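Trainee: Could you walk me through this protein with me asking and you answering? I would like to learn how to read it step by step.

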Amino acid sequence: MPDPGSPENSTAGSPAPPHILVADDEAIAVMALERFLSRKGYRVSTASNGIEAMEIHRRDPADVVVTDIRMPRGGGRELITNLRNGDKGLPIVVMTGYMSLNEEEDITVNDRMVLLQKPIEIERLLQIVNDFTASKASAVTPRVERSRDRA
């Protein structure tokens with residue numbers, strides 16, 4: 001069944017909702033994020049690994065990518081590198097529960113990349129996605145966040 005927010009289903013004059021690509025190998029987390037973001041009006045695609053996420057992004061470019069770092073078959077670091085090779089300004093939200101301080105330092109957090117420590121606060125993720133999709137010029141303050149509410 002086609003997605004109601006897909007470009008082919010949008011009516012003339014009404015823009016398609018922003019496309020969010022969620023990549024995480026934890027199926028329950030992916031389902032929860034997909035359901036939550038869809039209910040907030042976003043068009044959501046999901047992938048269980050970095051390779052699948054790149055294939056989806058090539059076919060249907062995302063406006064924002066939300067990814068875990070540790071995944072089988074093309075982890076988050078590889079995904080980020082591949083995405084950045086194609087679009088240096090693509091907004092990316094990195095979620096992880098396994099990073100040491102040294103690993104965190106390896107990820108360049110800036111106005112187009114936010115790092116969230118798992119468990120993430122779902123409302124904070126929504127705020128970041130809203131900020132990224134509100135305007136291409138909108139910036140999110142770079143930071144590492146540790147959350148209490150699990151997605």
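Trainee: In what order do the elements of the protein chain run from the N terminus on?
Mentor: Good place to begin! This is a predicted model, where local features need pLDDT of at least 70, side-chain atom pairs count only at pLDDT 80 or more, and totals for chains, interfaces and linings use all residues. Residues are numbered from 1 along each chain as its sequence is written, and side-chain values use heavy atoms, leaving out hydrogens and water. Helices (H or I, at least four residues) and strands (E, at least two) are DSSP runs numbered from the N terminus, and the order of the elements is β-α-β-α-β-α-β-α-β-α-β.

Trainee: What percentage of the residues in the protein chain is buried?
Mentor: Buried means under 20% relative accessible area, exposed over 50% and partly exposed in between, with a 1.4 Å probe and protein chains only. The protein chain has 151 residues, and the buried share of them is 45%.

Trainee: Which element gives the most residues to the largest nonpolar core?
Mentor: A nonpolar core is a set of buried Ala, Val, Leu, Ile, Met, Phe, Trp, Tyr and Cys residues joined through side-chain atoms within 4.5 Å. The largest one has 21 residues, and Ile20, Val22, Leu37, Val66, Val93 and Leu125 are those with the most contacts inside it. Two or more residues come from each of β1, α1 (27-39), β3 (64-68), β4, β5 and α5 (122-134). With 6 residues, the element that gives the most is α5.

Trainee: How many residues does the other core have?
Mentor: This second core lies apart from the largest one. Its members include Met54, Ile56, Leu90 and Ile92, and its size is 18 residues.

Trainee: Is strand β5 mostly covered or uncovered?
Mentor: Side chains in a regular strand alternate between the two faces of the sheet. On one side of β5 sit Met113, Leu115 and Gln117, on the other Val114 and Leu116, and all are buried. With 5 of its 5 residues buried, β5 (residues 113-117) is mostly covered.

Trainee: Which residue in β5 is the bridge partner of isoleucine 92?
Mentor: Two strands pair if DSSP finds at least two bridges between them. Strand β4 (residues 92-96) runs parallel to β5, and 5 bridges join them. For isoleucine 92, the partner in β5 is methionine 113.

Trainee: Why are the buried residues of α2 on the same side, and what arc do they cover?
Mentor: An α-helix has 3.6 residues a turn, so residues three or four places apart point the same way. In α2, the buried residues are Gly50, Ala53, Met54, Ile56 and His57. The arc is taken from the directions from the helix axis to the C-beta atoms. These residues lie on the same side of α2 because they cover an arc of only 165°.

Trainee: Which exposed residues does the face turned away from the buried side of α2 carry?
Mentor: Look first at the buried residues of α2, which pack against β1 (19-23), β2 and α3 (76-86). The face turned away from them carries Arg58 and Arg59.

Trainee: How far is the backbone nitrogen of glutamate 52 from a polar atom of the side chain of asparagine 49?
Mentor: Asparagine 49 is in the loop between β2 (43-47) and α2 (50-59), and counts as buried because its relative accessibility is 5%. At the start of α2, its side-chain oxygen comes within 3.1 Å of the backbone nitrogen of isoleucine 51. For glutamate 52, the distance from the backbone nitrogen to a polar atom of the asparagine 49 side chain is 2.7 Å.

Notes
A polar contact is a pair of N or O atoms within 3.5 Å; within protein, one must be able to donate a hydrogen and the other to accept it, and residues adjacent in sequence count only if both atoms are side-chain atoms. Contact means heavy atoms within 4.5 Å.
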